[in-house]
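Trainee: Could you walk me through how to read salt bridges in a model like this one?
Mentor: Sure, let's pull it up and start with a single pair.

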Amino acid sequence: MKFSEMPYERPDIEALKKFLDDAAGRLAAARSFEEADAVFLEVERGTAHAETMLTIAHIRHDINTADEFYDKEVEFADQALPELQEYTQKWDLAMLKSPFRADFERKYNRIMFLNTEISLRTFSPEIVPELQRENALTTEYSKLIASAQIPFEGQVYTVSQLTPLKQDPDDARRAAAWKAEGEWYMQNAEKLDSIYDELVHLRDTMGKKLGHKNYIPLGYDRMGRNCYGQEDVERFRAAVVKHIVPLADQVYRRQAERLGKAYPMGYADNALEFRSGNARPCGGPEDILAAGRKFYHELSPETAEFIDVMYDNELLDVLSRKGKAGGGYCTSLGDYHVPFIFANFNGTSGDVEVVTHEAGHAFANYMGRDIVPASCQWPSMESCEVHSMSMEFFAWPWAESFFGGDARKFRYTHLAGALTFIPYGTMVDHFQHIAYEHPELTPAERNAEWARLSAIYMPWMKLEAAQPFYGEGRAWQRQRHIYESPFYYIDYCLAQTVSLEFWAMIQSDPKAAWDTYMKYTRPAGTMTFKELIANAGLVSPFGEDALREIASAAGAWLEKYDLTGLI
């Protein structure tokens, strides 16, 4: 069914509460596994329908944040879902206490129970008011960014639409575009500060109500981390500083030389890869989507089937327009056993990465669409990001279809960008740990922490006084994950490390790399991240080995890459 034809009806939350309450009782009273399993499958169907309805509402709201009907539906969900959690918790407890747990594990998998145990630690009825307020605040942040109307050169742009101008080869024009965006953020600085400040204190309160000294343990549980903890992340951070930051620093030093700029450069100059301009897709959105269909058709039979389902059923909305929420994501529509892609094309290489990155998520979900329970159709977040970031590298042989004469530029900047992203993403995570370890920090003190971390993780970035938004250490306010999904960002860094392992494999044996990718992908959420890595025969990103190896391989490739004629 096409997305535009999918019907929407507000879920009856009160009826759903009663249904879950009744199901928990029937599960506890079941006298055989067959009887218990029938109740379990009934709950799977019922909750999948409610989740599908709410997902449709969120997508349609994000497509047009000015749509009053779906705005009200999202407001309803923000209030209703925290109240529903008490009943989902009751159902989850009934599952955990079931005498047929071993039978469920044999028929389905053990991860469903591990994840349930973690999920139960994230909720208590006493934090419902904080959850409701948190939902309202993150929606407010999303709407604020979506509402941006940035005047520039006599026209008005959204944040996404301004992106190509922020990469313009003309130094003055590019700097002016960055300044225009920064001025909009500064005009809204007080609101951005107050939203985040309240979110930090709300989350700190939730953590303490659930028995923690701060929000961090709760944040990890809410991310569903089922095989690693804060100590693992801290070791990863140290390895990034040791192995990746020096390599990334060399990348930016060479870039400064190409541009004829003094090192370190500011945000505006770091955004320009080549004096002749960054790699750009050849053609418009329809051409990029057509090239995407060609790529997936030629990559494998599984990806060919997948992309036809996506395109033929309007399961992606990728054009940027006024009132559309920013960013991009992939989600799923359980009733229809299909994923959905939301994105904002803006005329840059990022448009191609939508077709590879977000569709990488969607392909993985499509492969796992029939797994029961539905909660295991997706693995944990860092595992999911491996699917998407690695798919970007599998698309390299088709770069000419996407970029034409800029394909050589793209390959260089894509690999360089993958490496230089890891320090940035790790810094985002480090910043959030500081924010939640010290909720008493003022907005100005948080900005100072961002500036301090920049010197460690991004020494190539000059914080210029002429650009107050960046100079004051406010750049983190552009990163929606910091507001909406605390502690998500390290997942990208762990996944990027694994994706660079795939990149190295692709260089020597593309078929073996694809076989390994499918071995990693097929189990979906029936394994933990560490188990998926081991199952596919990959090197764990924790510790130093993986980062040392990818730094060596990718660094050598970049240094030897022929940039003749691209300067």
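**Reading the salt bridges**

Mentor: Asp 171 and Lys 261 form a salt bridge, with their closest N and O atoms 2.9 Å apart. The pair links distant parts of the chain, 90 residues apart: Asp 171 sits in helix α8 (residues 171–187), and Lys 261 in the loop between α11 (230–259) and α12 (267–270). Bear in mind that this is a predicted model.

Trainee: Are Asp 171 and Lys 261 buried, exposed or partly exposed?
Mentor: Partly exposed counts as 20% to 50% relative accessible area. Asp 171 comes out at 26%, and Lys 261 is also at 26%.

Trainee: Which residues are in a network with that pair?
Mentor: A network of salt bridges links Asp 171 and Lys 261 with Arg 174, Asp 269 and Arg 275.

Trainee: How do I read the sequence separation of a pair, say Arg 106 and Asp 103?
Mentor: Check where both partners sit. These two are three residues apart in helix α4 (residues 101–107), so about one helical turn separates them. Their side chains meet at 2.9 Å, N to O. Arg 106 is exposed at 63% relative accessibility, while Asp 103 is partly exposed at 24%.

Trainee: And what about Glu 305 and Arg 369?
Mentor: Their side chains meet in a salt bridge at 3.7 Å, N to O. Glu 305 is in helix α14 (residues 301–312) and Arg 369 in the loop between α15 (350–367) and α16 (381–394), so the pair ties together parts 64 residues apart in sequence.

Trainee: How many salt bridges are there by this rule?
Mentor: The count comes to 48.

Note on methods: Residues are numbered from 1 along each chain as its sequence is written. This is a predicted model: local features need pLDDT of at least 70, side-chain atom pairs count only at pLDDT 80 or more; totals for chains, interfaces and linings use all residues. Side-chain values use heavy atoms; hydrogens and water are left out. A salt bridge is a side-chain nitrogen of Lys or Arg within 4 Å of a carboxyl oxygen of Asp or Glu. Helices (H or I, at least four residues) and strands (E, at least two) are DSSP runs, numbered from the N terminus. Buried means under 20% relative accessible area, exposed over 50%, partly exposed in between (1.4 Å probe, protein chains only).
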